[in-house]
Amino acid sequence: MVTADEGDREVQPLWVSDGPATAGLWTRLRAEHTRTGLWPLLLVPDPYDGEFRPWVSGALTHAPFSWAREVFPERMSSPASHDPAGLLAQWWTTYTTVDEEDDIVDNDEHLAVTAPFGKTWPGPAPSRETMTDPGQLAAEFATAFLGDGPLARLGLVAAASGAEALTAVGWAGPCNYDTDTVKFSAVVRDWEHRFGARVVAVGFSTLHLSVASPPADGREALLVAAEHLAFCPDNIWQGSSPYTLAAYAERIIGAHRWDFWWD
C-alpha cells in the first residue's frame, strides 16, 4: 500500500506491485472491477529518474505501506463541480490567446497552428457509437503496451472508473498546466462515454488511453484534435512535425490509442 505523504497520512490511494506487471493479470483484474471496485492501472516509471516516480519515489517504507511524496489525493476538488465541455472551452481560450509579452510566436503563427478554427472554440466532437467492446480493446492495448514497456508495475485503485482513478490516486501529471487533476478526470470520464475510452496506463506526466470509437474521418478528427489541444497542448506544440491541429488530426483518424504528455 502507498500512503500519501500529506495531511494526516491516513489516505492510502493505491496498492503498487513490487515487480513488473503482466498483461494477463491486468486483464483479469480489469474484468473483476465490478466485483472488487479496484481499477487496475499500468504504472509507468519516469524514464529519466532512477526512482519509480511518482508512485513510490522518495517513499519512507514502513511495512505494510510506504509514504509517497509525489501523489496528492487530498488536494483534489469535487468531480461534481466541473463540466467537461466548459473546461475544454476554457482551456482552448487560454491556450489560443497570444500573450504579447511572453509568447515566442505571433498571432498569425498561432492561427496557423489552430486552423481551421483559429481562436474560435468549435465545441466538443459528437459521440460515436461504440462498435468494438471497450474492455476487450483495453486488454489488447495493455498487452501491446507491456510489450513496449515491460517495466510498468501494476497499481490498484478504489475507483468507479479509470477516469476517477486518476483523481483517487492523487496523480499530478498535468501540474504545469493545472494542479487539480479532477478537472482532467472529468474530461476523460466524458471520453469514456463518448468514445469508449479506457484508462490503461499512467506515467509521471503521461496518460495512455485505449479508444473503442476513434474519429472516422477528417472532420471528426479535427474536432477531437481541438479537444486534445485543450486537454494537453503539448501533444500538438511538442508532438510530431508539422505542429498543427490539422496534421495531428490526420494522425488520430481511426487510432485506437490516445497518448498524452505534459512537459
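Six strands make up an open sheet in the order β2-β6-β3-β7-β8-β9, and its pairing is mixed. Strands here are DSSP E runs of at least two residues and helices are H or I runs of at least four, numbered from the N terminus; two strands count as paired if DSSP finds at least two bridges between them. The edges belong to β2 (15–20) and β9, each with a single partner strand, so one side of each has no neighbour in the sheet. On average, neighbouring strands of this sheet are turned by 30 degrees against each other, direction ignored.

A quick note on provenance: this is a predicted model, where local features need pLDDT of at least 70, side-chain atom pairs count only at pLDDT 80 or more, and totals for chains, interfaces and linings use all residues. Numbering runs from 1 along each chain as its sequence is written, and side-chain values use heavy atoms, leaving out hydrogens and water.

Here are some of the strand pairings.

| Pair | Sense | Bridges | Facing residues |
|---|---|---|---|
| β3 (residues 38–43) and β7 | parallel | two bridges | Leu-42 and Ala-201 |
| β7 (residues 197–202) and β8 | antiparallel | five bridges | Arg-198 and Ser-210 |
| β8 and β9 (residues 257–261) | antiparallel | five bridges | Leu-207 and Phe-260 |

Two helices pack on the sheet. Helix α5 (residues 134–148) touches β3, β7, β8 and β9, and its direction makes about 135 degrees with that of β8. Helix α7 (residues 181–195) touches β7, β8 and β9, at about 135 degrees to the direction of β7. Contact means heavy atoms within 4.5 Å; axes are lines fitted to C-alpha atoms, for helices over the stretch in contact, with angles from 0 to 180 degrees between N-to-C directions.

Now for β8 itself. With β7 it forms a hairpin that has three residues in between. Six of the six residues in β8 (206–211) are buried, meaning under 20% relative accessible area (exposed is over 50%, partly exposed in between; 1.4 Å probe, protein chains only). Thr-206, His-208 and Ser-210 point one way, while Leu-207, Leu-209 and Val-211 point the other.

The largest nonpolar core has 51 residues, and those with the most contacts inside it include Trp-191, Leu-207, Leu-209 and Phe-260. Such a core is a set of buried Ala, Val, Leu, Ile, Met, Phe, Trp, Tyr and Cys residues joined through side-chain atoms within 4.5 Å. Helix α8 (residues 218–231) gives the most to this core, with nine residues. Apart from it lies another core of 16 residues, among them Ala-21 and Leu-146. Beyond four places in sequence, Trp-191 touches residues including Leu-209, Phe-231, Trp-258 and Phe-260.
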